[in-house]
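This report asks to be read alongside the sequence and the 3D view. It takes up a few local features in turn, beginning with the cysteines.

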Amino acid sequence: MKRREKQAFWKFFLLYFSSVALLISIAGYFYFKQTRAHLLKEEEFSLLEFARHIKMGGPSGEFSEAFRSRIISAGNRHIDIRNFEKIDNEFVKLIPMPLHNYYLEVRKSTQTFEKKIANIKKEIIAVQILLLFLFGVLSYVLAKNATKPLEESIELLDAFAKDLIHDLNTPVTSIKLNLTLLEQMPDIKKNPRILQRLRKSAHTISELHQNLKILLEEKTFQMERTDLCPIVNEIVEIQKPLYKNLTFIVECRHFHAHIHANAMKQLLLNIIANACRYNHPNGYVKIHTKGRSLVIEDSGIGIDDPEKIFNRNYSKSGSSGLGLDIVKRLAMAMQIGIDVKQSENGGTLFILTMR
C-alpha cells in the first residue's frame with residue numbers, strides 16, 4: 001500500500017476506532033457510577049439492618065467484626081435522618097433513639113466495599129479491552145472497505161500518469177533531435193529566432209515531463225547526504241544556452257545536505273528556470289550559499305504576492321503553474337525551509353534552508 005493510500009486508510013480507521021472507543025469509555029464510566037451508587041445503598045441498608053438488630057436486643061455476634069455500635073449524644077448538632085457518610089475506613093450512620101437527643105451510632109468497615117469496587121473496575125477494564133479489540137478489528141475491516149475504491153482510483157491515476165510521462169518522452173526526444181538537425185541547415189541559420197523559439201518550447205515540454213516524473217516519485221524517494229554545488233552547476237549549464245543574454249553568478253563550492261538528488265535537481269531547476277524566464281534583458285541570476293541556506297537571486301520583474309507564489313494556479317504567463325507548486329511539495333518532503341521575498345533590486349529572492 002502506497003503512502004497516500006496508507007494515510008487515507010489510517011484516517012478512516014482512527015475515525016471509526018476513536019468514535020467507538022469514546023462510546024465504550026462513556027458507557028464504562030456511567031456503568032461504574034451506577035454500580036458504585038448501588039453498592040453504597042447496600043452498605044447503608046446493612047447498617048440499618050444492624051441497627052434494627054441492636055434495638056431489638058439481638059446478639060451482635062450474628063454480624064461480622066466489621067460492624068460496631070455505640071450510643072452518643074447529639075448535643076447541639078442537627079442530624080439529618082438521611083445521614084450516611086464515610087469517615088476514614090468506615091461507613092457511619094446515626095439512628096435516633098427513644099431517649100431524647102441520643103443516637104445509636106453504627107459503623108462498618110469499608111474493606112469489603114473497596115474490594116467490590118476494585119473487582120468491578122477490573123471487570124469493566126477487561127470488558128472494555130475486549131470490546132476495543134473486537135471493534136478495532138471491525139474498524140480495520142470497515143476502513144479497508146472504505147478505502148478500497150480510493151486505492152483503485154489512485155492506482156488507475158498513477159498508471160495513467162506513468163503512461164502519459166512515457167508517451168510524453170517520445171515527442172520530447174524527437175523534437176530535440178530534429179532541432180539538432182535543423183541547426184545544421186544553412187537556411188535556418190538566417191533566422192535564428194525560429195530555432196530559439198523551438199528550443200525554448202522543447203525545453204518547456206521537457207521541464208513539464210521532468211516535473212510529472214519527479215511528482216510520482218515524491219512519496220517514495222530516499223534521501224542521503226549530497227553535495228548541492230555540482231547540481232547547481234549542472235542546472236546553470238543547462239540554462240546558459242537558452243538565456244545567452246543573462247549573466248550567471250555561482251558562488252558554491254561545497255554545500256552538503258540530506259536530500260534526494262533528483263528531487264533537489266528538479267526543485268532548483270524550477271526556481272532557476274523561473275529566475276531566467278522572468279528576468280530583464282542583460283540581467284543576472286546569482287546562486288550562493290549563506291550558512292545552511294542556498295540563496296537564488298535574480299534581477300527580474302519581481303513578485304506581486306509572495307504568499308501566493310506556490311499556489312497551483314499562480315503563473316505570470318501561459319505556463320502550467322505546476323513548477324512552483326512542485327517546489328513547495330519537494331521542499332516539504334525533504335524538510336527544506338523555503339522563503340521568498342523581493343530582493344533589494346526589485347527582483348526575487350529564494351532562500352532554501354537545509355536541515
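## Cysteines and the disulfide

In this predicted model, C252 has a relative accessible area of 9% and counts as buried, because the limit for that class is under 20%. C252 is joined to C229 by a disulfide, with a sulfur-to-sulfur distance of 2.0 Å, and C229 is likewise buried, at a relative accessible area of 1%. A search of the whole structure finds one disulfide.

The cysteine C229 belongs to helix 4 (residues 228-239), whereas C252 sits in the loop between strand 6 (247-251) and strand 7, so the bond ties together parts of the chain that are 23 residues apart in sequence. The torsion about the S-S bond of C229 and C252 is about -80°, which means that the disulfide is left-handed. A further cysteine, C276, is also buried, with a relative accessible area of 3%.

## Strand 7 and its partner

Strand 7 covers residues 256-259, and its two faces can be told apart by their cover: A257 and I259 make up the covered face, while H256 and H258 make up the uncovered one. Strand 5 (residues 224-227) pairs with strand 7 in the antiparallel sense, over four bridges. Within this pairing, R225 stands opposite H258 of strand 7, and H258 is one of the residues on the uncovered face of that strand.

## A nonpolar patch on the surface

Where on the surface do nonpolar side chains form a patch of about 950 Å²? The patch is made by V127, L130, L131, F133, L134, F135, V137, L138, Y140, V141 and L142.

One of these residues, F133, is found in helix 2, which spans residues 111-183. F133 has a relative accessible area of 57% and is therefore classed as exposed, since that class begins over 50%.

## A buried glutamate in helix 1

Is E44 buried or exposed? With a relative accessible area of 12%, E44 is buried, as the value falls under the 20% cut-off. This glutamate lies in helix 1, which runs over residues 3-55.

When residues up to four places away in sequence are left out of the count, E44 touches R82, N83, F84 and K93. The glutamate E44 in helix 1 thus offers a contrast in exposure to F133 in helix 2, because E44 is buried at 12%, whereas F133 is exposed at 57%.

Notes
Residues are numbered from 1 along each chain as its sequence is written. This is a predicted model: local features need pLDDT of at least 70, side-chain atom pairs count only at pLDDT 80 or more; totals for chains, interfaces and linings use all residues. Side-chain values use heavy atoms; hydrogens and water are left out. Patches are made of residues with over 30% relative accessible area and no salt bridge: like charges are joined within 9 Å, nonpolar side chains (Val, Leu, Ile, Met, Phe, Trp, Tyr) within 5 Å. Accessible areas come from the Shrake-Rupley method with a 1.4 Å probe; for residues, only the protein chains shown count as cover. A salt bridge is a side-chain nitrogen of Lys or Arg within 4 Å of a carboxyl oxygen of Asp or Glu. Buried means under 20% relative accessible area, exposed over 50%, partly exposed in between (1.4 Å probe, protein chains only). Two strands pair if DSSP finds at least two bridges between them. A disulfide is a pair of cysteine sulfur atoms within 2.5 Å. Contact means heavy atoms within 4.5 Å.
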